[in-house]
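Student: I have a structure open and would like to check the vocabulary used for it. Could we go through it together?

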Amino acid sequence: MVKASAPGKCILFGEHAVVYGQPALACSISQRMTIELEVEETFDKWRIDGRTFNPKKHPHIDFLRKQLPPTEEQPIHIRIRGSIPKASGLGSSAALSVALCGALQQLRGADLNPMQASELSHRAEASAQGGRASPMDTATSSFGGFVVLSDTIEGDLEYLGVRTMDVEGTTLQWHLHTFNTEIPEGVALVIGNTGVHGSTSAMVKQVANLLLENPQRSVELETIGAIARRGIQALKEGNMEAVGQAMTENHMVLRSLGVSSPELERLIRAAAPSSLGVKLTGAGGGGCMIALTMNPEETVGAIEMEGGRAFITHFNEPGLAIEDIT
Ligand code: PMV
């Protein structure tokens with residue numbers, strides 16, 4: 001039996017603007033997905049949580065088991081556990097793919113390889129989503145900590161590598177970076193889930209239409225890029241007041257782009273008084289908001305009073321990890 005886990009992610013700066021080449025920063029969260037693989041002794045087919053595996057229902061799992069086939073012929077029983085809410089922009093699907101890569105690597109007797117897991121699960125997510133997927137979720141889940149995605153190499157950050165993908169005849173390219181930082185004691189992130197499912201593709205399209213009609217509004221995307229760079233610098237310096245300030249500014253630009261929602265605004269208003277900074281995270285239109293706070297319990301309470309589901313997460317959570325081998 002092998003068991004591997006990988007964290008979800010949230011976006012601290014730069015969503016939407018990253019689609020147009022600006023830098024975005026994601027960080028791993030404390031909530032994780034765990035995959036347990038056990039060689040079947042009695043059953044003659046692959047199973048997931050006791051049911052026969054259906055490749056149509058789990059295309060990314062099917063993709064990965066073909067990329068990293070177990071060395072033995074016997075079928076495998078996959079058990080999935082996790083505390084990342086689904087379809088809320090927290091990267092639960094990417095974390096599942098990354099944890100599965102790690103577990104399959106172990107089953108094959110190989111060392112844990114986050115770079116390979118990051119690449120393969122990005123391709124798995126893209127093939128399951130019919131082509132389009134940025135490598136942000138899978139990279140953050142694989143490496144843990146902070147991941148900066150940009151269309152240029154950001155000289156003052158540690159370079160992880162370039163990722164390319166051919167989509168409908170064009171080659172997309174992303175540069176991945178990371179950095180280390182000491183986060184001052186007592187600072188946490190609180191994630192508030194509206195429970196409303198925002199569609200990433202619909203929100204990305206909405207911003208694209210806005211820009212098509214008003215090309216001059218690309219200035220707002222550049223503003224988000226500038227805020228993201230300032231926020232990243234503040235984070236590297238451990239200046240959490242400045243990080244919070246940049247988050248709130250980033251949110252105001254996202255709101256003006258039209259990707260917030262009444263539910264998000266309610267949770268953000270509730271969390272603001274006890275926080276250093278607040279913003280929506282991910283595509284918007286629903287989904288989650290985040291609050292940088294020195295008073296996590298108070299912030300959780302305020303969000304829950306407004307009907308959101310809230311939980312605390314910490315920085316520098318590890319990426320892909322082995323939990324158990326027997
Ligand atoms: O829905 P999420 O949390 O995976 O975030 C999407 C982020 C966007 O910038 C809106 C889209 C993208 O592909 O980067």
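The talk below is about two domains and the contact between them.

Tutor: Happy to help! This is a predicted model, with residues numbered from 1 along each chain as its sequence is written. Local features need pLDDT of at least 70, side-chain atom pairs count only at pLDDT 80 or more, totals for chains, interfaces and linings use all residues, and side-chain values use heavy atoms, without hydrogens and water.

Student: Where do the domains lie, and how do you know the bounds?

Tutor: Domain 1 covers 2-181 and domain 2 covers 188-313; such bounds come from an automatic or database domain assignment. Their centres, taken over C-alpha atoms, are 24 Å apart. With contact meaning heavy atoms within 4.5 Å, 30 residues of domain 1 and 39 residues of domain 2 take part.

Student: What is the buried area between domain 1 and domain 2?

Tutor: About 2700 Å², with carbon and sulfur atoms giving 67%. Buried area is the accessible area (1.4 Å probe) that two parts lose on being put together, summed over both.

Student: Why is the pair Glu 154 and Arg 229 called a salt bridge?

Tutor: The term asks for a side-chain nitrogen of Lys or Arg within 4 Å of a carboxyl oxygen of Asp or Glu. The side chains of Glu 154 and Arg 229 meet at 3.0 Å, N to O, so the pair qualifies. Between domain 1 and domain 2 the count is two salt bridges.
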